[in-house]
Amino acid sequence: MIELSRDTLVFSFPEVHPTARLTVSFQRTLRLPDNGRDYPLPPGFGGFPLRHVDDFAGNLPAEWPKHGGVLLPMRQAEAMWLSFRPDYLGDHATAYPFAIKIAAGKINAVSGGPWARPLARDPQDYVVAPRQPWLDGFNVQQGTVRQFVAMPLGEGYSAEEQLTGAAEHGGLQFLVAPMRAEAFARRFPKIVRRREVGTAMGIMDCVPSCPAPAAPAAMGLAPGGRMRQEIYDDPHRPDEWDEAQASRCFVHLLNSAHWRAATGDEPPPSPVTAQAYAQAGLPWFEYYDEKARPVGGSGILAGLKSLAAMATSKRKPLPNNASVAPGAIQVIHAPPRRDNVVRESGDW
Amino acid sequence: MPAPFGPFLRRQRERLRTQRGEDFSVRQVAGRAGLEPSYLSKIERALQPPPGEAAVRALARELELDPDVLLALAGKVSSDLQKVILRRPQLFAQLIRELKNQPDHAVLRVVREVRDGDW
């Protein structure tokens, strides 16, 4: 089952394991310059507000209530990253493992293929928690993603529109499959007692109706600036995932200009620009997991026109796209549990 | 009545320290939660009352505890819940009184799931 809890999506699987819980959050961040340069990971400025589609059905695009799920507000050309945090089970010295499929406009963000329910291995079309703490964009090359950036659906920027020629779905789609209970018990047996003092690092890495404004309300994700981020391979066997128990969710992206009219709340403020952030000398991040192998990039996604290239071809140049020089880079090594909090607690 | 908050905090911190080491010393936990170590130490020994909501939340995060449970132990109700209740006080007061004697499984059924549709 999936619940909304403090602006996060909590996937739980009580039929599989009492503590199989994965929290997915949607982080506000700065938009990287889209100029061919590779940047480190940008910070998180806190989560986007999340709401049930059913609560505002009358104020939303007609097809959204059919999709079910949730909605969140994004500004035009605003960026986002996704955080995946499985509950840590002290008795097993691991976080419960999950396979997570992510699509934007029903285009798989890892493989570039169309949405399909089964998990695919070759090429891998999902990420694995706890190994993968974050996903910031489309997998365009081994070790490189293009940032998730929201643009109004129907203007041709989104990965979906570029690949299918249609502005049909927009938003984000998730499928989460827990590890099978037997596989979990075998791989991560209960630890009776642990006496050693020191870090557990070595163990954790195994693994009411308002008139709608005129601007288009639905947003889709387009590939923005490049950043260094590896998408790690799945260290488990395919039959260890309990796909029959998988849960899925449609996360709609509503143009922030419509948020107040639809929900009655103010949308979050506009994030700072990459330029202002870099000038202030605030931290950027790099993440390394020496034990995990990165999967290859998707040729399909690599072929997409980036946001800036598309904007130039439409003669609507992207604002705030000047190159920046990231100053302080905080290197985070796997496992990311505590550091997760560091990248997300953006009080700057 | 003995104050349960501080000793509970200390037991949890010590448990994590045994399992995972000095990241869970008073000094380290206090540092990450933005508190003075001496203040945290006094809270743990119940020489000081529980801190404010933000600090309780920070401690819950650092010690891998449920923030609502820790807030309850501190005798507080989370500010987001207070807002929810204050917006519709009669309705929520009635709801809570209705639910207070229900078994957990009946209460859990009230938890709202995100609905999946056709797409």
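Where in chain A is P123(A) found? The exercises below concern a predicted model.

**Exercise 1. Place P123(A), and characterise the backbone at this and two other loop positions of chain A.**

Solution.
Step 1. P123(A) is found in the loop between β11 (107-108) and β12 (127-129) of chain A. The peptide bond that leads from D122(A) into P123(A) is cis, with omega near 0°.
Step 2. Another cis peptide bond joins A129(A) to P130(A), where omega is about 5°. P130(A) lies in the loop between β12 and β13 (134-135) of chain A.
Step 3. R6(A) is not a glycine, yet its phi is positive, about 45°. This arginine, R6(A), is placed in the loop between β1 (2-5) and β2 (8-12) of chain A.

**Exercise 2. Describe the extent of the interface between chain B and chain A, and identify its main contributors on chain B.**

Solution.
Step 1. Begin with the residues in contact: 24 residues of chain B meet 33 residues of chain A.
Step 2. Turn to the area. About 2500 Å² is buried between the two chains, and carbon and sulfur atoms give 45% of this area.
Step 3. Divide the share of chain B by residue. R112(B), V114(B) and W119(B) supply 35% of the area that chain B buries against chain A, more than any other three residues.

**Exercise 3. Analyse the polar and charged character of this interface.**

Solution.
Step 1. Eleven residue pairs are in polar contact between chain B and chain A.
Step 2. Four salt bridges cross the interface of chain B and chain A. One of the salt bridges pairs R115(B) with D54(A), and their closest N and O atoms are 2.6 Å apart.
Step 3. Locate the helices involved on chain B. At least two residues of the side that touches chain A come from each of α1 (5-20), α4 (53-62) and α5 (67-73) of chain B.
Step 4. Sort that side of chain B by class: 14 residues are charged, five are polar and five are nonpolar.

**Exercise 4. Determine which parts of chain A are linked by the salt bridge of K190(A).**

Solution.
Step 1. The structure holds 30 salt bridges over all chains.
Step 2. K190(A) meets D91(A) in a salt bridge, with an N to O distance of 3.9 Å. This distance satisfies the criterion of within 4 Å.
Step 3. The pair links distant parts of the chain, 99 residues apart. K190(A) is in the loop between α3 (181-187) and α4 (201-204) of chain A, whereas D91(A) is in the loop between β8 (88-89) and β9 (94-95).

**Exercise 5. Characterise the second largest pocket.**

Solution.
Step 1. The second largest pocket has about 340 Å³ of space.
Step 2. Its lining consists of 22 residues, and R31(A), Q76(A), A77(A), P319(A) and N320(A) lie nearest the centre.
Step 3. By class, the lining of this pocket comprises twelve nonpolar, five polar and five charged residues.

Technical notes:
Residues numbered from 1 in each chain as written. Chains lettered and ligands numbered in written order. Predicted model: local features only at pLDDT ≥ 70, side-chain atom pairs only at ≥ 80, totals over all residues. Heavy atoms only, no water. Contact = heavy atoms within 4.5 Å. Buried area = accessible area lost by both parts, 1.4 Å probe. Salt bridge = Lys/Arg side-chain N within 4 Å of Asp/Glu carboxyl O. Polar contact = N/O pair within 3.5 Å; in protein donor to acceptor, adjacent residues only side chain to side chain. Helix = DSSP H or I, 4+ residues; strand = E, 2+ residues; numbered from the N terminus. Nonpolar A, V, L, I, M, F, W, Y, C, P; charged D, E, K, R; others polar. 1 Å grid on protein atoms, 1.4 Å probe; cavity = no way out; pocket = protein on both sides within 12 Å on 5 of 7 lines; lining within 4 Å. Points joined across faces, edges and corners; volume = space filled by probe spheres on them.
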